Structure formats: structure tokens, C-alpha cells
Amino acid sequence: MEKKCFKDRKFKLWFYQPSHSEAIIRSSKVDLDKIYDTNIDIYFGDIKYIEIPCMFQGLQIEMATEDDAIYLSQKLGKEIFMKNIIVMLSEGKKYYVVASIFKIMENDLDYGVLPIHVFFTNKEI
């Protein structure tokens, strides 16, 4: 996974379904002070652990380090592989999601439309 940076966009926890272990974080195309051409949706599937706020001001997604894997393995009491760790930075703080599926997609879906079915038919960014 390459580093992704969305420093000028606000993101919200848009959808979380514990029963299906999935979540979406969205930067909506309609914000209070800005209008964008597209939404940016970040999908997590087969979530094993989630440690995020409800809102992010700016977002940077990075590769996990060995220290991240050690921290999460100790916290969860089992080995966590770096390939399943998504590291997110916002306003100088680090947040984690441990998931088998991770996708980022731009779309022009309406405000209340969830892109769950779209993630597996459209190209990632």
C-alpha cells in the first residue's frame, strides 16, 4: 500500500456494521464550507480491531511499521500482521484499523447512499 494524503478534506465515520465487521469513512463532496466534485470513501472489511475517532480533519494513510504491529499484537494478545494494519494520522495523532480488506474510492453518490456494493465493481484510487 502506498501512502495516501488527504490533508484538506474532512472525514467522518459514515457507516459501521459490527455484525458484518465493516466500516466506511467518508469525505463528503458537500461540506459546510466547500463543495467537491466527488466523495472519497474508505472501506474496511473483515475488521478485527478499530481505534478511530468519529471525525478527522485531514487524513494521511501510511504503511504500518514493526512498532505498530508490536503495539497492536500486545494490545490484542495475539500476533497481528503488518499487511492487515491500516495506520491513519490526523491532527498529529495516530489511529489504527486491523482489517483484511481495505479500499479507497472516489464516487459521486448522493449524501445518504452507501457504496458497499460499489466497492467491488469500481476502480480504487
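The legends below describe close-up views of a predicted model.

**View 1. Two aromatic rings, Trp14 and Tyr111, meet edge-to-face.**
A pair of aromatic rings is described by the distance of the centres and the angle of the planes. A search of the whole structure finds five aromatic pairs, and one of them is formed by Trp14 and Tyr111. Their ring centres are 5.0 Å apart, with 75 degrees between the planes. Trp14 belongs to strand 1 (residues 4-17), while Tyr111 is in the segment after strand 6 (93-107). The pair therefore links distant parts of the chain, 97 residues apart. Tyr111 is exposed, with a relative accessible area of 54%.

**View 2. Phe44 and Phe102 form a tilted aromatic pair.**
The two ring centres lie 5.7 Å apart. The planes meet at 35 degrees, so the pair counts as tilted. Phe44 is part of strand 3 (residues 39-51) and Phe102 is part of strand 6, so the pair ties together parts that are 58 residues apart in sequence. Are Phe44 and Phe102 buried or exposed? Both Phe44 and Phe102 are buried.

**View 3. Ile86 touches both rings of the tilted pair, Phe44 and Phe102.**
Ile86 lies in strand 5, which covers residues 85-90. Its relative accessibility is 3%, and because the cut-off for buried is under 20%, Ile86 counts as buried. Apart from residues up to four places away in sequence, Ile86 touches Phe44, Ile61, Tyr95, Tyr96, Val97, Ala99 and Phe102. Tyr36 is 50 residues from Ile86 along the chain, and the C-alpha atoms of these two residues are separated by 25 Å.

**View 4. The charged end of Arg9 sits over the ring of Tyr36.**
The distance from the charged end of Arg9 to the ring centre of Tyr36 is 3.8 Å. Arg9 and Tyr36 are both touched by Ser28, a residue in the loop between strand 2 (22-27) and strand 3. Leaving out residues up to four places away in sequence, the other residues that Ser28 touches are Lys10, Trp14, Asn39 and Tyr111. Trp14 and Tyr111 are the two members of the edge-to-face pair in View 1. Is Ser28 buried or exposed? Ser28 is buried, with a relative accessible area of 11%.

**View 5. The largest pocket has a volume of about 200 Å³.**
Rolling a probe the size of a water molecule over the atoms shows where empty space is left. Which residues line the largest pocket? The lining consists of Lys10, Lys12, Trp14, Arg26, Ser27, Ser28, Val30, Asp31, Leu32, Met55 and Tyr111. Strand 1 and strand 2 each supply at least two residues of this lining. The largest share, three residues, comes from strand 1. Trp14 and Tyr111 from View 1 are included in the lining, and so is Ser28 from View 4.

**View 6. Cys54 is in contact with Phe11, Lys12 and Leu13.**
Cys54 lies in the loop between strand 3 and strand 4 (55-62). The three contacts leave aside neighbours of Cys54 within four places in sequence. Cys54 and Lys12 are 42 residues apart in sequence, and their C-alpha atoms are 5.6 Å apart in space. Cys54 is exposed, with a relative accessible area of 57%. Another cysteine, Cys5, is partly exposed, with a relative accessible area of 48%. A disulfide is a covalent bond between the sulfur atoms of two cysteines. How many disulfides does the structure hold? The structure holds zero disulfides.

**View 7. Ser21 and Glu91 have a positive phi.**
Ser21 is not a glycine, although its phi is about 55 degrees. Ser21 lies in the loop between strand 1 and strand 2, and is partly exposed, with a relative accessible area of 23%. Glu91 is also a residue other than glycine, and its phi is near 50 degrees. Glu91 is found in the loop between strand 5 and strand 6. With a relative accessible area of 64%, Glu91 is exposed.

**View 8. Phe81 is found in the loop between helix 1 (66-76) and strand 5.**
At 45% relative accessibility, Phe81 counts as partly exposed. Phe81 and Ala69 are 12 residues apart along the chain, and their C-alpha atoms are separated by 6.4 Å.

Terms used: Residues numbered from 1 in each chain as written. Predicted model: local features only at pLDDT ≥ 70, side-chain atom pairs only at ≥ 80, totals over all residues. Heavy atoms only, no water. Disulfide = S-S within 2.5 Å. Buried < 20%, exposed > 50% of the residue type's maximum accessible area, 1.4 Å probe, protein only. Phe/Tyr/Trp six-rings, centres within 6.5 Å; stacked < 30°, edge-to-face > 60°. Helix = DSSP H or I, 4+ residues; strand = E, 2+ residues; numbered from the N terminus. Lys NZ or Arg CZ within 6 Å of the ring centre and 35° of its normal. Contact = heavy atoms within 4.5 Å. 1 Å grid on protein atoms, 1.4 Å probe; cavity = no way out; pocket = protein on both sides within 12 Å on 5 of 7 lines; lining within 4 Å. Points joined across faces, edges and corners; volume = space filled by probe spheres on them.
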